[in-house]
Number of protein chains: 2
Amino acid sequence: MKYVTIKDIANALGISKSTVSRALSSDTRNVSERTIRRVVEMAQKMRYKKNEMAVNLRSRRAKTIGIVVPEAVTTFYLQFTTAVQRILQPQGYRIILAISDEDFLTERLNFESFDNYRVDGILISSCHHRANLEFYKEYVRRCTPMVFFDRTVADLECSSVRSDDYHSAFFLVEHLIYQGYRRILHLAGPDYIRNTSERLRAYRDVLKKHGIDYCPELVVSAGIDEVDGAEAMNRVLDAGIRCDAVFCFTELQALGAKKVLQERAIHIPSEMAIACMSGTKLATLVHPAITAVEQPVEQMAKEAVRLLLSKIENPTAPSETVVLPANMVIRSSTEK
Amino acid sequence: MKYVTIKDIANALGISKSTVSRALSSDTRNVSERTIRRVVEMAQKMRYKKNEMAVNLRSRRAKTIGIVVPEAVTTFYLQFTTAVQRILQPQGYRIILAISDEDFLTERLNFESFDNYRVDGILISSCHHRANLEFYKEYVRRCTPMVFFDRTVADLECSSVRSDDYHSAFFLVEHLIYQGYRRILHLAGPDYIRNTSERLRAYRDVLKKHGIDYCPELVVSAGIDEVDGAEAMNRVLDAGIRCDAVFCFTELQALGAKKVLQERAIHIPSEMAIACMSGTKLATLVHPAITAVEQPVEQMAKEAVRLLLSKIENPTAPSETVVLPANMVIRSSTEK
DNA sequence: GTGAAAGCGCTAACAC
DNA sequence: GTGTTAGCGCTTTCAC
């Protein structure tokens, strides 16, 4: 487990450390061809591996990007991470991942840990749109290269990428209306996520546009995952609240709702339609009649990386906010 | 973006670096209470953050664990990663994640990158059970602390954790038989994954046990994800091969198969039953009649961490192979 | 073309 | 209790 160092190579060859170092970075102008060959061969023979910790310390760059994600229930953030890695790996960056588990204290610790590690930059999707606001402001002030994605934070002067929640939601709800549904239940997300309010706003605006009265009892706070969605759906049905379509905040909610409807022998999509905002392509796999709007994961990753790299290059550059149109593809649908 | 160092603190206080260092690690026996207080206060005031790169170089421990996973399509590996993080984070470890995308060259690069980083240990789920065999043997010989999980590798003297594919598959296929199904189609996994053969072996043994003839046409290689499963299912049906149940290698395959059956108006579970090995809980959400055996993710993570930590502590300790029973829970089922 | 020396930020002997 | 020194493994001036 003892690793070979350039010093070992230097000793073996009877030359100096610096020459070895130069040879290994193939600094052709300052080292003779012959020396380079000898060094490289010896390095191979001795199974030398450059210690990146040392390189990083010296260059004061970790060549590492930290990604902070709020949850690991859906594949959305994994897909995002994969996409980021595909772009950044060829450029020599490593990815550190931290999962906050929807807990803003964990999120804060994760973030601090990354900073202590002197990562070059941080991509973060926040688990709460306000809780760590002051905390982040401090980092923004100190020009830590960071970019928020997906779950962004309001009132923060920082680069961010998100998809256009408002228009996506608008599109989706309107689609239900065009199909003939009128009493649309909205399983809303938690208050602490910013996207929740955007989608709710769209929901209300669609109703207004089509002259449908807004019924408060048709908007219920329904958490984020499958169990939450199922519970909410049951609650609504038990309360005898009448509705003919469901617009869900997440696809997991949609799954939960679907399960409940099936258990209660309510047919989708004839008696009830389900539509949801989809982080991944999961939702429509689940039931062909669930209408969904997809998140543009790949593009989001691409933009986030672009913004981050520009911040890394110039930490004091002005921030930029990118709002991506969601993929307005009705993956599958059935008329009422 | 210039970080404060202990030297800065030392200068500000007119004391030496070492005292600062000692004070910050609250070495009460060698520093006076007063000094500690002064140092800590100053550190806070100056917003000092310990540079972990430097600490790591000095201690020659990165306090980092690398995780190499083959894919990011399902949530299984994310769940695993989350579980590992939950255990290791409190112990001061960071997690680096690398996704191989089912490519053994990428996998190799990822692995090497981790080694260059001098991570303390590596958890790996291999994308191919043979391709990198010699490569890994080299690392095993050099006593690099590593543990294989889920997709383990044969003929390698290295600690590993996997679930009991054979018995899980046996259980699942037998369950179908007890329900009255006889012509069971097996959507098999790719040859390059070791688990594939284990499950196929179980499949054949179950048939033998129940005196059912083995029909080669009922075993088709069906890749790994949803599209693969759908294609295979279509191929089988188009070929007019008769079957009354499907035993899938992955839940994504099951999703694909289910979709095809639905499109062709074949009713599940009356005309056809689907059973699959499930990495996550996704499958049964998809259709209540899909029978699944769950992977014990949490336990797998726990065991993998245990084995890895023991290797880190004593790299020359003998290897250990842990085979976990899968959760033999029929999450939901319907009689034929 | 090569070597000697300094230093990235930190800790741990070893003095006093 | 505190300071001095050396060194983790590497790169990069600066001499020659």
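Which elements of chain B make a right-handed β-α-β unit? In this predicted model, the answer is strand β8, helix α11 and strand β9 of chain B, with the helix running over residues 251–263.

Strand β8 of chain B, at residues 245–248, makes a handy place to start, and both of its faces are covered. Ala245(B) and Phe247(B) sit on one side, Val246(B) and Cys248(B) sit on the other, and all of these residues are buried. Strands of a sheet pair through backbone hydrogen bonds, in either a parallel or an antiparallel way. Here, β8(B) pairs with strand β9 of chain B, residues 273–278, in the parallel sense over four bridges. Strand β6 of chain B, residues 184–188, also pairs with β8(B) in the parallel sense, again over four bridges. Val246(B) turns up in both pairings: Leu185(B) has Val246(B) as its bridge partner in β8(B), while Ile274(B) in β9(B) is the residue that Val246(B) stands opposite.

Over in chain A, the picture can be widened to a whole sheet. Five strands form an open sheet there, with parallel pairing and the order β7-β6-β8-β9-β10. At its edges lie β7 (219–221) and β10 (290–294) of chain A, each of which pairs on one side only. From one strand to the next, the twist averages 20°. Within this sheet, β8 of chain A (residues 245–248) and β9 of chain A (residues 273–278) pair in the parallel sense over four bridges, and Phe247(A) stands opposite Ala275(A) in β9(A). Helix α9 of chain A, residues 194–209, packs on the sheet and touches β6 (184–188), β7, β8 and β9 of chain A. The direction of α9 makes about 170° with that of β6(A).

So how do the two chains relate? Chain B is superposed on chain A by a rotation of 180° with 0.0 Å of shift along the axis, at an RMSD of 0.1 Å. That is the relation of a two-fold axis. Of the interface residues of chain B, 97% are also interface residues in chain A, so the copies meet through the same surface.

Both chains also take part in the surroundings of DNA strand D. This strand is surrounded by 26 residues, and the closest are Thr5(A), Ser18(A), Ser21(A), Ser16(B) and Thr35(B). The elements that give two or more residues to the surface near DNA strand D are α2 (17–24) and α4 (52–59) of chain A, plus α2 (17–24) and α4 (52–59) of chain B. The biggest share comes from α2(A), which gives five residues.

Notes: Residues are numbered from 1 along each chain as its sequence is written. Chains are lettered from A and ligands numbered from 1 in the order in which they are written. This is a predicted model: local features need pLDDT of at least 70, side-chain atom pairs count only at pLDDT 80 or more; totals for chains, interfaces and linings use all residues. Copies are superposed by least squares on the C-alpha atoms of residues with pLDDT of at least 70 in both. Two residues are in contact if their C-beta atoms, placed from the backbone, lie within 7 Å. Two strands pair if DSSP finds at least two bridges between them. Axes are lines fitted to C-alpha atoms, for helices over the stretch in contact, and angles run from 0 to 180 degrees between N-to-C directions. A residue is buried if 20 or more other C-beta atoms lie within 10 Å of its own, exposed if 12 or fewer, and partly exposed in between; C-beta atoms are placed from the backbone. A crossover is right-handed if, with the strands pointing away from the viewer, the path from the first strand over the helix to the second runs clockwise. A residue is near a molecule or strand if its C-beta atom, placed from the backbone, lies within 6 Å of it.
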